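Hi,

Here is the structure I said I would pass on. Have a look at it first, and my notes on what turned up are underneath.

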Amino acid sequence: MLVDVTKINNSQVYNTDVCILGGGVAGIVLANELEGNDTKVIMLDSGNESYHLETQELYKAQSVPEHFPAPFYSRLRFLGGSSNHWENSTERLDPIDFEKRDWINDSGWPIKYGDVLEYYPAAEQYCGVGKDGYQLDFWQNKLRFKDSFSGSELFHTALAKSPQIPTRFFKKFGSRLVKSKNINIFKNANITDLVFNHELQKVISVKFSSLNKIPHQVNAKIFIMCFGGLENARMLLHFNEKNANKLGNEFDNVGRYFMEHPTIRAAHFFPFKENTIDKVYEGIPDTSMQILARGKLNKSAQIKNKTINIRLFFNKQTKLQLSEGISSAHILADSMNKSETPDNFGSHLVNVLKDADLIAEQYLRSKFNSSFSEDADSFGGYQIISMIEQTPSRNNRIYLGTETDQLNIKKLKIDWKVSSNDKENAWKTLRLFAQDPWLQSIGRVRLLEDEKYRIWGSQLGFGQHHMGTTKMSNIAQNGVVDPSLKVFGTSNFYISGSSVFPTGGHVPPTLTIVALTIKLADELKKIL
Amino acid sequence: MTNITRRTFILQSIVLLAAPMAITTTKVWASHAEELRKTSPPEAIQECKTVYLEWLKQGNIHPEFYLENKLNTHLFSKEKLSHITKSDFINNKFFVVNGLQLGKTEAAFLALIGST
């Protein structure tokens, strides 16, 4: 059943077995896993079936770092959550992501890769990428493409899969849930408070209302918070304000270790021949799916060089797009705007002069929709786009500000930056690629280290993956949830989503979110 | 000539090296460099001058001496340069100019082209 809270005119109290807070990817998967048995489930979601500005405004943050994407835009607050606008690119985490790495502080998960691996096939079905996995041999055989990294001892090819039409989770699974006999979905239901029995260490109920603020309540045996990487931490901090930090925050870990997937355009690859990189690195369709290959540093090379995981994508570019003169012109213009002189001013000036014709071409195209150079559109090389693993840091955090939203809940503030260690490791990995002996017969790489201020500043990209803010750990001193995703200090309160990741890896988190949620559902079924 | 970005001057030059040419093994480095100066596009030669200036800036001896003394030979062949470049990559002998990662020997050769 689908209940519209705006249509409930008097305060109501509901009783159920399981209360799921949040109707995004994790919430919907959890409800779907519990569908069809004797367990009564209520799922509460702030939004309804489509975007609504007034509800979306509840996602506004009080402050974020410079260049950081505003949470108002990167998240969607209606049924299906951010799956309503994601690209649906899926990859599995690697075994090394779960291991303790002595060169990365706070690395290692309290569960093994194998604990999640068994759930990946089901997760892939949820995400609409089929059941054939990510093995290179299998896909090479099926799609007949060339492994452009064969011959390298440092790198190999990894595959990302996405369906041709992205999976919108509520659109795909919603009608089954709405028709279900044991699931009730409450839309326009904003959680405002939680009642916690300190003696029993039990959450007794949650309070919710629509924007009309008529209060309602759900009593349940088990509660699972599935609000997303930022909102899980925000709401837990909110609940803890009245509960003396007893809900997983005795050691001030809620909101900390916030990780993103910074994405940089920091290198160009110039092959000697145009078709050196197989077209699978640009993505090729296979019936209902898109297969995209990219480069990845081998585990042995990561260990030997004590560096982080990085995805390397190869983006075909024309001569115009790769023009160093255009790039230098932007750098000079940025500096003039700030009344500064950039490093290597002379080199940038020379670049501009040497590429004057391409700069003129760019100007003609942008201002007059005109062109004089056909050659500018010919193949120039590849831009290497790198999504990097961000190492966990306590100082990267989300916390409550002083401003409140319409429901009187404090807005979040974000402190976040890329550490100098992570930057250095990103350059180190790119240098390993550029200096790989296998590469010398194929082409040459230019590292854009002289553009580092732009690369890590105004040009920094983001995966918009919010991770680590209620991290998993074996002990409360180091985390917020235990390996079964139960909040420390409670007996019946769980969290699912990327906020529980102790490390972020270098791949989109959604597949792993779904896998962990299915695993959680299995464990809940044993105790219900 | 293959179609590559105009700013990959080094690579144009390397492509020149890789292109089939009637090079005999009795040619010295300097002679081959001279031959390439005459036949390469002007922008490629201009960029080789950039490599040469950077080569000297990094405190290296003249590229001709480097090539002959370091390699104990004044004989040149495309295959030899290719083989040595591979060895440079394996042994981490690199020369970086404007972020471009080159083997040291191939950089020396490009610097030689740009040295006059």
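Let's start with Ala244(A), which is exposed, with a relative accessible area of 58%. Bear in mind throughout that this is a predicted model. Ala244(A) is in the loop that runs between helix H9 (231–241) and strand E9 (262–271) of chain A. Its backbone caught my eye: the phi of Ala244(A) is near 50°, a positive value in a residue other than glycine.

Leu485(A) also has a positive phi without being glycine, here near 75°. You'll find Leu485(A) in the loop between strand E17 (461–462) and strand E18 (493–495) of chain A. Is Leu485(A) buried or exposed? Its relative accessibility is 4%, so Leu485(A) counts as buried, the cut-off being under 20%.

Two further positive phi values go with particular elements of chain A. One belongs to Gln201(A), near 55°, in the hairpin of E6(A) and E7(A), where four residues sit between the strands. Those strands, E6 (residues 190–197) and E7 (residues 202–209) of chain A, pair in the antiparallel sense over seven bridges. If you want a place to look along the pair, Asp193(A) stands opposite Lys207(A) in E7(A).

The other is Gly36(A), which follows H1(A) and has a positive phi near 90°. Helix H1 itself (residues 25–34 of chain A) is mostly covered, with ten of its ten residues buried. The buried set in H1(A) includes Asn32(A) and Glu33(A), alongside residues such as Val25(A), Ile28(A), Leu30(A) and Leu34(A).

On to the interior. The largest nonpolar core has 144 residues, and those with the most contacts inside it are Leu44(A), Phe169(A), Ile224(A), Phe314(A), Phe433(A) and Phe493(A). Helix H16 (residues 510–527) of chain A gives the most to this core, nine residues. Apart from that core lies another one, of 25 residues, with Trp29(B), Ile45(B), Tyr66(B) and Phe76(B) among them. As a general point, nonpolar side chains tend to be buried together in soluble globular proteins.

Ile224(A) is a handy residue to centre your view on. What is Ile224(A) in contact with, once its neighbours within four places in sequence are left aside? There is a run of Val18(A), Cys19(A), Ile20(A) and Leu21(A), then Leu30(A), then Tyr494(A), Ile495(A) and Ser496(A), and finally Leu520(A) and Leu524(A). Leu30(A) is one of the buried residues of H1(A) mentioned above.

There is some nonpolar surface to look at too. Phe345(A), Leu349(A) and Leu353(A) form a nonpolar patch there, with about 300 Å² of accessible area together. Phe345(A) lies in helix H12 (residues 345–354) of chain A. With a relative accessible area of 40%, Phe345(A) is partly exposed.

Lastly, chain B. Its secondary structure comes to six helices and two strands, in the order α-α-α-α-α-β-β-α along the sequence. Of its 116 residues, 50% are buried. Taking contacts in chain B between residues at least 6 apart in sequence, 69% of them join residues at least 24 apart. The accessible surface of chain B comes to about 5400 Å², and carbon and sulfur atoms account for 54% of that.

That's what I have for now.

Cheers

Methods: Residues are numbered from 1 along each chain as its sequence is written. Chains are lettered from A and ligands numbered from 1 in the order in which they are written. This is a predicted model: local features need pLDDT of at least 70, side-chain atom pairs count only at pLDDT 80 or more; totals for chains, interfaces and linings use all residues. Side-chain values use heavy atoms; hydrogens and water are left out. A nonpolar core is a set of buried Ala, Val, Leu, Ile, Met, Phe, Trp, Tyr and Cys residues joined through side-chain atoms within 4.5 Å. Buried means under 20% relative accessible area, exposed over 50%, partly exposed in between (1.4 Å probe, protein chains only). Contact means heavy atoms within 4.5 Å. Two strands pair if DSSP finds at least two bridges between them. Patches are made of residues with over 30% relative accessible area and no salt bridge: like charges are joined within 9 Å, nonpolar side chains (Val, Leu, Ile, Met, Phe, Trp, Tyr) within 5 Å. Accessible areas come from the Shrake-Rupley method with a 1.4 Å probe; for residues, only the protein chains shown count as cover. A salt bridge is a side-chain nitrogen of Lys or Arg within 4 Å of a carboxyl oxygen of Asp or Glu.
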